Amino acid sequence: MGAARKLSEEERIAWLRLTRTEHVGPVTFHDLINRFGSAASAIEALPDLSRRGGRTRPLSVYPLARAEAEFAAAARANALFVVAGERGYPPFLRHVHAAPPVLCVAGNRDHADADCVAIVGARNASALGLKLTRMIAHTLSTHNIVVVSGLARGIDTAAHEASMQNGTIAVLAGGIDHIYPPENARLHAAIAERGLLVSEMPPGTVPKAEHFPRRNRIISGISRAVIVVEAALRSGSLITARFAAEQGRDVFAVPGSPLDPRAEGCNRLIRDGAQILTSIDDVMEALKTVAPPRADIFLEPSAPEPVAETHESDREHLLSFLSPHDTHVDDLIRESRLDPQTVSALLLELELAGRVTRSRGGRVALA
């Protein structure tokens, strides 16, 4: 994985400000760091870049005072912010497309460096599902595997409780200091003491529906494999499984009765290619063959990258190939006949101006 990054407090605050700034998603953050060499330099360049992209009003850069307030709130919760490459930032997550550049964590940061397997499933779990979850989680824990889940009711809670002795990671949809669901207050505190709490949201954030898919991509990104125990067809657990497949993780599903709605999601996963979990040996065998992560997208650049000069004519030319529907960047390069460096620079300016949006798989669309 290479030497751990170590930022000063000032640099870490600059990372937080940049990642919280309007129109700066994880991919754009990565492009800016590579282009300017540091978050502070990127922040200084944002107004000019957004104007070049056609923005008519000033870009809203995340205020220094708000970033400092986040750091203070995290400290009050015995938490801290870590950036990609620092101790406490899960190494496997660093290799995921659109990985969050900054995380807020509380607890034992050594768990982030361990082999991790996620267990997810239904909130309204059956007694059999809960029993099976505890068996799986406990057995993984005895093999020095850290169990990852989302601190929700049902399967998540059982997975955390059964793996607490040797370490568990809870990824939160809200702020690191916001307890949800309320009945898991004691479990939240126990994980903060003996496991690891992880959140990409500001402290104090109350989770909303749109926050849970973001949490789910982190659960799968941290993990080398994902196990789904019970899940309805329209379950958040299936979103986690989809992210896992996109991230190249092994997905295991526990089969169930066709008469139980809580088994429909798992049975569908198996039909679509997920591995049937027959014993914990299936997972242990898969972990032996997990490929090394792809190149680290958050390596510290040795020097700012050379930047292609952009022109208004090229910008309008590129825009003519975009639509409200997603287009792959490779298709834009081929059809526009602009060189890749120019397209990358133009898309960066257009996204900061709020004129295009990026999605998974290197795709962009008109905003």
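User: Is C104 buried or exposed?
Analyst: C104 is buried, at a relative accessible area of 1%; buried means under 20% relative accessible area, exposed over 50%, partly exposed in between (1.4 Å probe, protein chains only). This is a predicted model, where local features need pLDDT of at least 70, side-chain atom pairs count only at pLDDT 80 or more, and totals for chains, interfaces and linings use all residues. Residues are numbered from 1 along each chain as its sequence is written, and side-chain values use heavy atoms, with hydrogens and water left out.

User: How many disulfides are there?
Analyst: The count is 0 disulfides, taking a disulfide as a pair of cysteine sulfur atoms within 2.5 Å.

User: Why no bond for C104?
Analyst: Because the closest cysteine sulfur, in C116, is 18 Å from that of C104, too far for a bond.

User: And C116, buried or exposed?
Analyst: C116 is buried, with a relative accessible area of 1%.

User: Switching to pockets. What volume does the largest pocket have?
Analyst: About 840 Å³. A pocket here is an open set of points on a 1 Å grid over the protein atoms alone, where a 1.4 Å probe fits, with protein on both sides within 12 Å along at least five of seven lines; lining residues have an atom within 4 Å of a point.

User: Which residues are closest to its centre?
Analyst: G25, P26, A98, R214 and R217, out of 34 lining residues.

User: Which element gives the most to the lining?
Analyst: Strand 11, with 4 residues; strands are DSSP runs (E, at least two residues), numbered from the N terminus.

Definitions and conventions
Points joined across faces, edges and corners; volume = space filled by probe spheres on them.
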